[in-house]
Every structure is written in C-alpha cells, then in structure tokens.
Amino acid sequence: MGLTIAQKIIKEHLRSGDMTVGSEISLKIDQTLTQDATGTMAYLEFETMGIDRVKTEKSVAYIDHNTLQSGFENADDHRYIQSVAKKHGIYFSRPGNGICHQVHLERFGKPGKTLIGSDSHTPTGGGIGMLSFGAGGLDVAVAMGGGAYFITMPKMYKVNLTGKLNPYVTAKDVSLEILRILSVKGGVGAIIEWGGEGVKNLSVPERATITNMGTELGATTSIFPSDEITREFLKKQGREEDYIPLSSDEDAVYDKIIDINMSELEPLIACPHSPDNIVTVSSLKGTKVDQVCIGSCTNSSLFDMLKVAAMLKGKTIKESVSLSVSPGSKQVLTMLADCGALSDIIASGARVLECACGPCIGMGFSPNSAGVSLRTFNRNFEGRSGTADGKVYLVSPETAVAAALTGEITDPRLMGEEIKVTMPESFLINDSAVVEPAPENEAKDLEILRGPNIKKFPDARPQNDSLSAELVLKVGDNITTDHIMPAGAKILPYRSNIPYLSQFCFGVCDKTFPERALKAGESFILGGSNYGQGSSREHAALVPMYLGVRVVIAKSFARIHIANLINAGIMPVTLSNPDDYEKLNQGDSLSLSDIFSGMDKGEMTLKNNTTGEEVLLSCSFTERQKAILKAGGLLAFVAKES
C-alpha cells in the first residue's frame, strides 16, 4: 500500500509509536516559529527547561502581533524575545519584517521538513509541501530543546481539484468551499492533502492561502505536493537548493476523498460569526459595507497585493467605506513600492498599514458600532475585531476591493474585464530585518532583558485522585479560544502576565467568571461540541489553570486546545452521552473519585452532588499524557523526568 505525502514525511520523522490512525506518535521537528503574542511565554518556558541552545535546524522568533506600542508592555516583550533569541540560537524577525507565515514561506520553509509554530495558522507552510503544525508554546519550547512533538496519528483526507479558476474566483473561494462542505469541525483528526490536475493551476501563494484556511476546518494540517511550481517559487526566492519533489504514491489510501471542480466555483463569502457560514457573494448583493480590510497571513502575498492594486488603479473608494491594506512582508511592501503598485493603492484612498497581523487580531482598525466589515482574513469570530457588535465577513481580495469601490457587497465579476497581473522573474531578497543569533561561544555572556510586565510561569498543580468542586461555568458549542482568552489591543500586551490577563478570561461569555473561579479555588468547566476551536494560544489553557480550573468537560474538543489543556495540567474529558449536558448546571457541586484508575479504564463517573445524578465521562489518555496530568503539566513533567 502506497503512502500519502504526509505519511511519507511522518515516516521519515517518526521517533516513537506506529502510524496507526488514532495512536500516539512523536515526531522529530526540524523547524519552529513563534510570534510575539505567544512567544514571550514560549521562551519563558524554554528558559525554565535550562537548555543553552536550540536543537532544531532553524528556529525563528517573529514580531508581528503586538506591534501597537501604546505603552511599555509590548516593547518590553519584543526586547525580551530578541535577547532570548540572540542568546539561545534563534533567528529574530524584527517588527515590520512581516507576518510570520508569509515570511517563513518566503525565506525559511522547506518541502519535506517538519515545522511547529505557536500560532494555529502555521499549516500555511503546507503550501510548499512542508508538514506544518500549529501548537501551544510549551510544545514549541520542548521541540526547540530537542524533544519530540506528540500528536495522535491523523486520518488522511484527499481533496481532488479539477478545472481552473474563472476570472475573479480565487484560492480563497476554494478555501471557503471546503469549509462549506466540511464545516469548522469536519477536518478534526485529519490531515488534508490537496491534489488532482487542478493543483497545477495554483501558484504557491494560492496554495498557501488554502493551507492557511485549513486550520478553520479543525484539521491537524493541510499539505500540497512539492512540484515544479514549488521549485519555481523557491528559485525566485533564491532558494532553489531547498527544493525536493514530493508527491503521494498512486496507490495511497485515503479515509475520505472530496472532489472540487474549480471551474464551477463562484465568489463565496463567510457570514458572521463563523468561517463556515458560507453563502455566495451574489446572494448578499446590495448589503451596505462600512469597512474593508485586506491582508493577514491568508491573503497578503505579492500576488494578492498586485491584483488589489490593479483593481484600485485610477479609482477612488466609496466615501462611506474605510479601507486598510496590510502587505504581508517587507519584501511584498518594497516590491509594491518599486513597481508603482503601492502608489495605485494609496491614490485610491486606502490606508496602508504596517506589515503585521493588525486588524485580524483586533490590533487596531476595529469597525464602527454594528459596522459591516469585509476582511480577507481567516476568522470572523464574534468580538475578535475589537468591536463587540461588529459584523465581520470573510472574502477574497477581489471581493473586498469590489465592496470598497461600490460601498456594498458586490460580486467582483461585475467589476469589468479580468484583472491579470504579471509576477516578477525574481523576488527582492533583503534579510536585513532578520537578526542572526550570537555564536555559541559568545552567547553565554549575553544578558536576558526583562520588563516589569513579564511574570513567571504559573506554578503547577499536580492532579489528585479525587476532586470535589463547583461547576463554575457552562458554555455552548463552538467555544473558541477568543471566547476563553480574547485577543485585541487592550489585552494582548499582557500575554506575558498571566495574573493580570486572568481578569479577561471568558469575558465574552461571562465577565464574572474570573472572580468566581478564584473564589472557588478549584473548579470544573462544561462546554459543548468543538470546545476550544480557533487559535493555538496556550493562554486559553494557562489562564484557566491559574484560576483553578482542574477539569474541562465537553461534548468534544478541538485538537490543539485539548493538547494545551493537558500541557497545563487540566484534565479534558468528554460526556459519554452528549445528552447528559443537560444534567449539569452552572453552580452545581460536582465530584470525581478514583481519577487515576478512571484514566486507565478510559471512563469515570461524575457525581452531581446538587441533584444526586451521575454522569459517565470518557477519556483517552496515553501513558505519557497521564503522567503529564499527574505531574501538573508538561513543564513539571519534563522537570521530573530530567
């Protein structure tokens, strides 16, 4: 039996376990990346491990999230990360150099290699045939120290692409189509491989848009073949030596096969407040638009920006619309300026923002009250934009420009003849904003620079064999990490200060939660289906851990979040019968006994002391995960083992 692309890379990097679907495996990691919203905590964790030098082939620290410096906090974090990087062998991408996934694709990613990053959209690297995973900062810290990355062996899904995209239909529409087919939880437990004859009609930036959005499916990762199109991209980046061909075997077996004819697609749009709430753009014709944002790690490549500039050239945006454009990297911005395309964008009335994540994470450029904002981003979760009642729609750059010019949601196919852009023969190579680490013999004398907002990692709480505590919060389905630990300009600067950050935990759902959780001392949380979807931010586990949450019960969990909960020493368990969700209410007194034997059996009985009812819970922990939970988290486990 042949192997898929992902299986080939996994086989080559397998450290432990076997490639049986559902079993635990561990992988050697070649590269890591962090960004500044998660990086400070990841490097604090790395320091705690006491390892002098990273063991990976390449690790890069990016500054792209917390670039709004309205106080000392973000600047202090950046200074800390830069000093850690210099000392410990990590490359440092300075503020303004670009969004981590865009820059990594351009300058560092390699087909056939493994990458984990403390950002959920790290699978963007699959656009060049890299096996890339989003992970919590603790997992990244362990990988930097030479440790393996543990995952459950995924299923393999194949998307066969046929045909060719019609004018004004884009890779973003392909991404929205697969979300329409599978939903935000349809990819859970699977790696999605994109193939078929249609792949030959997609450039690397288009492929990267699709693998980036694969995160919203709940997929473990997504990947494209590495072929002549990949080689050409790397050659233009001056990195042809990094190319290797990579494809699946003809007799590879997949758990699910999905066919998409790109010739039959039309422009699509994701409506508030979920990436899978998909309709056609034409069906919303005439909906008034207040704001348009173009950029993010999904759609900020030179390819995207040249199309945007071509559509805006000689035109002026509607006076009722505010338009922002964020190039994905310094390379993209400089090349736009050199060819004159940047002038076309500016002349239209657009605001050009720096090469950073910006509005995607609520870091500025929030919409007006109840405003309609069309964004080329990957998420439209409620409140994520920074405006609680903002209505965010996800679209392609072409649909975004059409709305900016007309003031309403408009099918871009009505905007005239097809826009054609010519990509350059080579990209501008200037890595001056990437700071190399110090030589090992000099690094030992370097000082780590810390600011007053940087607090130590929370103390571990070992798991006991029994627990009696209050159910302090009951929430519904599709609770995202933005619900648990919001982003935004007001909160992100405190990602390295867990005590202060805890004041905002579950603020979208219940502003009284932090105070009640602290008062309870130890507690349970109950969630619905797909609990913890969205970002890889481990703060959505670390902060509840700090507040005393010991067990999270849900109908089902998102992949990265369940790993982060275990790493934080919080036990995730599922309801054996989802209907039992109705038997548990916020404020109930709950008890678990014989937890350790329950972990071994895979089930335990929860007693509701308030009602007298019992509820059966299921769990499936590996021996390693049991040991982590008993120790009180991954850091405590690593310290105990060393």
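In this predicted model, K158 stands opposite E193 of strand β10. The residue K158 belongs to strand β9 (residues 155-162), which is joined to β10 by 6 bridges, the two strands running parallel. The briefing begins with β10 and its neighbours, then turns to an open sheet, a barrel and helix α21.

**Strand β10 and its neighbours**

- Strand β10 spans residues 190-195 and is mostly covered, with 6 of its 6 residues buried.
- The residues A190, I192 and W194 point one way from β10, whereas I191, E193 and G195 point the other way, and all are buried.
- E193, the residue opposite K158, is thus placed among buried residues of β10.
- Strand β11 (residues 221-223) pairs with β10 in the parallel sense over 3 bridges, and I192 stands opposite S222 in β11.
- A right-handed β-α-β unit is made by β9, helix α6 (residues 171-182) and β10.
- Another right-handed β-α-β unit consists of β10, helix α7 (residues 204-213) and β11.

**The open sheet**

- Six strands, in the order β7-β6-β3-β4-β5-β20, form an open sheet with mixed pairing.
- The edges are β7 (131-134) and β20 (434-435); each has a single partner strand, so one side of each is left without a neighbour in the sheet.
- The partner of β20 is strand β5 (residues 91-93), paired in the antiparallel sense over 2 bridges, and S93 stands opposite V434 in β20.
- Helix α5 (residues 137-144) lies across β3 (31-35), β4 (58-62) and β6 (114-117), and runs at about 140° to β3.

**The barrel**

- A barrel is closed by 7 strands in the order β21-β22-β23-β24-β27-β26-β25, with mixed pairing.
- From one strand to the next, the twist averages 35°.
- Strand β21 (residues 467-474) pairs with strand β25 (residues 589-592) in the antiparallel sense over 4 bridges.
- The bridge partner of A469 is L590 in β25.

**Helix α21**

- Helix α21 (residues 634-641) has L634, L635 and F637 as its buried residues.
- These residues cover an arc of only 160° around the axis, which puts them on the same side of α21.
- The exposed residues A639 and K640 are carried on the face of α21 turned away from its buried side.
- The cover over the buried residues of α21 includes α2 (36-49), α5, α18 (559-567) and α20 (623-631).
- Helix α5 therefore appears in two settings, because it lies across strands β3, β4 and β6 and is also included in the cover of the buried residues of α21.

Terms used:
Residues numbered from 1 in each chain as written. Predicted model: local features only at pLDDT ≥ 70, side-chain atom pairs only at ≥ 80, totals over all residues. Heavy atoms only, no water. Pairing = 2+ DSSP bridges. Contact = heavy atoms within 4.5 Å. Axes fitted to C-alpha atoms, helices over the stretch in contact; angles between N-to-C directions. Buried < 20%, exposed > 50% of the residue type's maximum accessible area, 1.4 Å probe, protein only. Arc of directions from axis to C-beta. Right-handed = clockwise from strand over helix to strand, strands pointing away.
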